[in-house]
Amino acid sequence: WHAWKFPNTPLDRSVVLPVHHALQGHPESGQLWERHINKILLGSEFNFTTTTHDKSIYTATIDGVKILLLRQVDDCALSCPSEAVAKKFFSRLGKCLQLPNEKDPPFEYLGLLKHFNGLDIHQYSDCIVLSCETYIDRVMKTHNWIHPSAKPVTTPVPSDATTTMYM
């Protein structure tokens, strides 16, 4: 890149830092992470397979227990009938992701799923309730729509737009 951007300026190697891992925000970081995590999940350590229609849903059998894994970049949700197997899986995955200079694995078991990518998840013995209440509340607070009486809410569309459009 430097040679292309500055063709007549040689690069002083003494001021260049080597990059050993993809940096967040770099154009290739997403592809590199995808390749890295798939090598771990699809490899001999876990033997996951992806589903036919959605490559972010994985299935495997660990210790005789069938599990499903939903992965959205670096967030994972696991469906598993045994908490012991779930803890074992997250522990093994954390060790696979741990770098040599890290004291603790960067990945851990957080218990029963309560939030995932903007969804609130309430699990009961007879049903699972999904909602976006926390996300909607955050959007409302961000735009100061919680107490509209404190500040009038304005929109780019006039308030009588729906009635005048059909006339």
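The questions and answers below cover the sheet, helices, aromatic pairs and nonpolar core of a predicted model.

Q: In what order do the four strands of the open sheet lie?
A: The pairing in this sheet is antiparallel. The edge strands, β1 (49-50) and β4 (75-79), each pair on one side only. The order is β1-β2-β3-β4.

Q: Which residue in β2 stands opposite T50?
A: Strand β2 covers residues 57-62 and runs antiparallel to β1, with two bridges joining them. The residue in β2 that faces T50 is Y58.

Q: What angle does the direction of helix α2 make with that of β3?
A: Helix α2, residues 29-41, packs on the sheet. Its contacts there are with β2 and β3 (65-72). The angle between the directions of α2 and β3 is about 175°.

Q: Which strands does helix α3 lie across?
A: Helix α3 spans residues 83-97 and runs at about 150° to β4. The strands it lies across are β2, β3 and β4.

Q: Which class of aromatic pair do F46 and F48 form?
A: The structure holds six aromatic pairs. In the pair of F46 and F48, the centres are 6.3 Å apart and the planes make 45°. Stacked pairs have planes under 30 degrees apart and edge-to-face pairs over 60, so an angle between these limits gives the remaining class. The pair is tilted.

Q: Are F46 and F48 buried or exposed?
A: The class depends on relative accessible area, with under 20% required for buried and over 50% for exposed. F46 and F48 fall in one class: buried.

Q: How many residues apart are F48 and Y58?
A: F48 and Y58 form an edge-to-face pair, 6.1 Å centre to centre with 80° between the planes. The pair links distant parts of the chain, with F48 in the loop between α2 and β1 and Y58 in strand β2. Both residues are buried. Their separation is 10 residues.

Q: Which element gives the most to the largest nonpolar core?
A: This core has 18 residues, and those with the most contacts inside it are L41, F46, F48, L69, F89 and L93. At least two core residues come from each of α2, β2, β3 and α3. With five residues, the element that gives the most is α3.

Q: Which residues does F89 touch, not counting residues up to four places away in sequence?
A: F89 belongs to one aromatic cluster with F46, F48, Y58, F90 and Y109. F89 is also among the residues with the most contacts inside the largest nonpolar core. Beyond four places in sequence, F89 touches L41, F46, F48, I62, L69 and L78.

Technical notes
Residues numbered from 1 in each chain as written. Predicted model: local features only at pLDDT ≥ 70, side-chain atom pairs only at ≥ 80, totals over all residues. Heavy atoms only, no water. Pairing = 2+ DSSP bridges. Contact = heavy atoms within 4.5 Å. Axes fitted to C-alpha atoms, helices over the stretch in contact; angles between N-to-C directions. Phe/Tyr/Trp six-rings, centres within 6.5 Å; stacked < 30°, edge-to-face > 60°. Buried < 20%, exposed > 50% of the residue type's maximum accessible area, 1.4 Å probe, protein only. Core = buried A, V, L, I, M, F, W, Y, C linked by side-chain atoms within 4.5 Å.
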